[in-house]
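User: I am new to this structure and would like to go through it step by step. Could we begin with the ligand and then turn to the sheets?

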Amino acid sequence: MSAQGFDVVVIGGGLHGLSAALYLARGGKRVVIVEESWVGRHASGASAAGVRTLNRALEELPISLEAMDMWHNMTALVGSDCGFHAHGQIQVAETADSAAVLERRLERSRAAGFTHEEMIDRDELRRLVPAIAPHCVAGLTVRTDGAADPHKTLDAFRRSAEEAGAVIEEGCGVTAIARKGADWQVHADGRDFVAPHIVNAAGAWAAKIAAMVGDEIALGHKASLMMVTERIAPLLKPVVSLVGRPLSFKQTDQGTLVIGGGLQGRADIEAQKSFVDFLQLSRSARAVTDLFPMTGPLRIVRSWAGMEAKTEDSLPVIGPSPHAEGVVHAFGFSGHGFQLVPVVGSIVSDLIIHGGTNRKIASFAAERLMPRRDAA
Ligand SMILES: Cc1cc2nc3c(=O)[nH]c(=O)nc-3n(C[C@H](O)[C@H](O)[C@H](O)COP(=O)(O)OP(=O)(O)OC[C@H]3O[C@@H](n4cnc5c(N)ncnc54)[C@H](O)[C@@H]3O)c2cc1C
C-alpha cells in the first residue's frame, strides 16, 4: 500500500523525530513519523533528562544556549514545562588538582566568549548542596541549568506534534528507501510512504538509514547505565557531577535519586537489546556514597542501559545529506542530546522549509564522518 500526500517522512519516534515533526507541521508541512517500535522506546525514554550547558563542547554551545532559553520557556512551545526545574548543574572538585581542571575549563569557555559558567568555592558549594561531603573543595556551575522529566517531555512533544497535524505510525520499521522521481519512497512494515523529504532521526540505527540513501557514515554506539533508588526526603536540588569520576546525580520530584554519568553497559544494536553491567554500576554507587555518605543504606529499585549512537568526536550529525537531496540527518547525540531537543527540531525544520538555517551547524556536518571521495 502506498501512503502519498506527505511532504516529509520522519524516521524515528524519539524526541528528535518528534521535535522535527512538531516544527515542520507547524510550518505547514504534512508530516508522518514512522517508528519501528513505539514513541520513546529507546534513548529518549531511557534518558536521565539532564538539561545541561555546563561543560558542553564549545562547538555545541551556541545551539545549546539557545535550547536552554527554550527550556526556560517550554510551556510556550509544547504546553507543558516537561518537568523542567532550573536548580542548576554543578561539577564538583574533590581535590585542588580537580579544581584546577575546572579553572582551565572556565578559562577555555571564557576565551571562546561564553560567560554562562561560574567557579564556586567550598562555602558556596556547601550553600547550594548542604548534604555534600566536607572533602569537596570547589565546583563549576551553571545556575540556570537543571533537569526535566523524560516521560513528560515525550508526552508533551508527541501531543504537540499530533495537534499540529503530524501523523505517527508506530510498529512501522523502515527496511528500504528508494528514489521515485523527485520523491523518496520509504518502505516500512509492508507500506510505502512517498515524500520529497526525509528526516533521519533513527538514533542508534541512523547509520543504517543513512546507508539506505547512499550516505556511508561512521557511527559507534553507547549503552549508558542508569540506576534509581527508593524515595527519600529532599536531599539536593542541583544536578551534581564530578571531576575525574563518572557520575551524574540528582533527585526527582518524587524523591528518588537518579544516578548515571556515562558508565557503559553493553548493547546488541542489531537485536535492540542492552545489558546492565553491575560492576560498572557499583563504581557510580561508590562515587555517590563518597559524596553523600547518608545514601549508603538506600535500596536500588531499578537499573537500565539505554542505547544511543555515538560519533567519533561526540558531536551530533545535524544537517542535510551531502549526496541525497531532500534528506536531513539528526542523530549521533552521543549521550547528551536531550537538552538539544527543542532547538534541533527547529534547525531541521529550517533546513527543509527554508533550505538553510542561521544557526551554527558547520561542525555537525555528516561529511566529517564519511570516507573522502577523492577525485581519480
Ligand atoms: C541512559 C541515558 C541517559 C541520558 N542522559 C542524558 C542527559 O542527562 N542529558 C542529555 O542531554 N541527554 C541524555 N541522554 C541522551 C538523550 O537521551 C538522547 O540524545 C536523545 O534522547 C536521543 O533522541 P533521539 O530521538 O535521537 O533517539 P531515540 O530516542 O533513540 O529515537 C530513535 C528512534 O528511532 C527508531 N528507529 C530506529 N530504526 C528505525 C527504523 N528502521 N524505522 C523506524 N524507526 C526506527 C527507534 O526505535 C527509536 O525510537 C541520555 C541517554 C541515555 C541512553
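**Ligand and sheets**

Analyst: In this predicted model, 36 residues surround the ligand, and those that come nearest are Glu35, Ser44, Gly50, Val174 and Glu308.

User: What is the distance from an oxygen atom of the ligand to the side chain of Glu308?

Analyst: An N or O atom in the Glu308 side chain is 2.4 Å from a ligand oxygen atom. Backbone atoms take part as well: a polar one of His16 is 3.0 Å from an oxygen atom of the ligand, and a polar one of Gly335 is 3.3 Å from a ligand nitrogen atom.

User: How much of the ligand's accessible area does the protein cover?

Analyst: On its own the ligand has 1,000 Å² of accessible area, and the protein covers 95% of that.

User: Which helices and strands each supply at least two residues of the shell?

Analyst: They are α1 (15-26), β3 (31-35), α2 (43-46), β14 and β20. The largest share, three residues, comes from α2.

User: And what is the shell like by class?

Analyst: It has 16 nonpolar residues, 16 polar residues and four charged residues.

User: Turning to the sheets, what is the strand order in the one with eight strands?

Analyst: That open sheet runs β6-β7-β5-β15-β16-β17-β14-β20, with mixed pairing. Its edges are β6 (118-121) and β20 (300-310); each has a single partner strand, so one side of each lacks a neighbour in the sheet. From one strand to the next, the twist averages 25°.

User: In which sense do β5 and β15 pair?

Analyst: Residues 89-93 of β5 and residues 239-242 of β15 pair in the parallel sense, over four bridges. Within this pair, Gln91 stands opposite Ser241.

User: Which helix lies across β14?

Analyst: Helix α9, residues 278-291, does, at about 50° to β14 (220-229). This helix also lies across β15, β16 (248-251), β17 (257-260) and β20.

User: What about the sheet of six strands?

Analyst: This open sheet has the order β9-β3-β2-β13-β22-β21, and its pairing is mixed. Since β9 (167-170) and β21 (317-320) each have a single partner strand, they stand at the edges, so one side of each is left without a neighbour in the sheet. On average, neighbouring strands here are turned by 15° against each other, direction ignored.

User: How many bridges join β3 to β9?

Analyst: Four bridges join these parallel strands, and Ile33 stands opposite Ile168 in β9. Helix α10 (residues 341-353) packs on this sheet, touching β2 (8-11), β13 (197-200), β21 and β22 (327-331). The direction of α10 makes about 170° with that of β22.

Methods: Residues numbered from 1 in each chain as written. Predicted model: local features only at pLDDT ≥ 70, side-chain atom pairs only at ≥ 80, totals over all residues. Heavy atoms only, no water. Pairing = 2+ DSSP bridges. Axes fitted to C-alpha atoms, helices over the stretch in contact; angles between N-to-C directions. Contact = heavy atoms within 4.5 Å. Near = heavy atom within 4 Å. Polar contact = N/O pair within 3.5 Å; in protein donor to acceptor, adjacent residues only side chain to side chain. Areas by Shrake-Rupley, 256 points an atom, 1.4 Å probe, with all protein chains shown as cover. Nonpolar A, V, L, I, M, F, W, Y, C, P; charged D, E, K, R; others polar.
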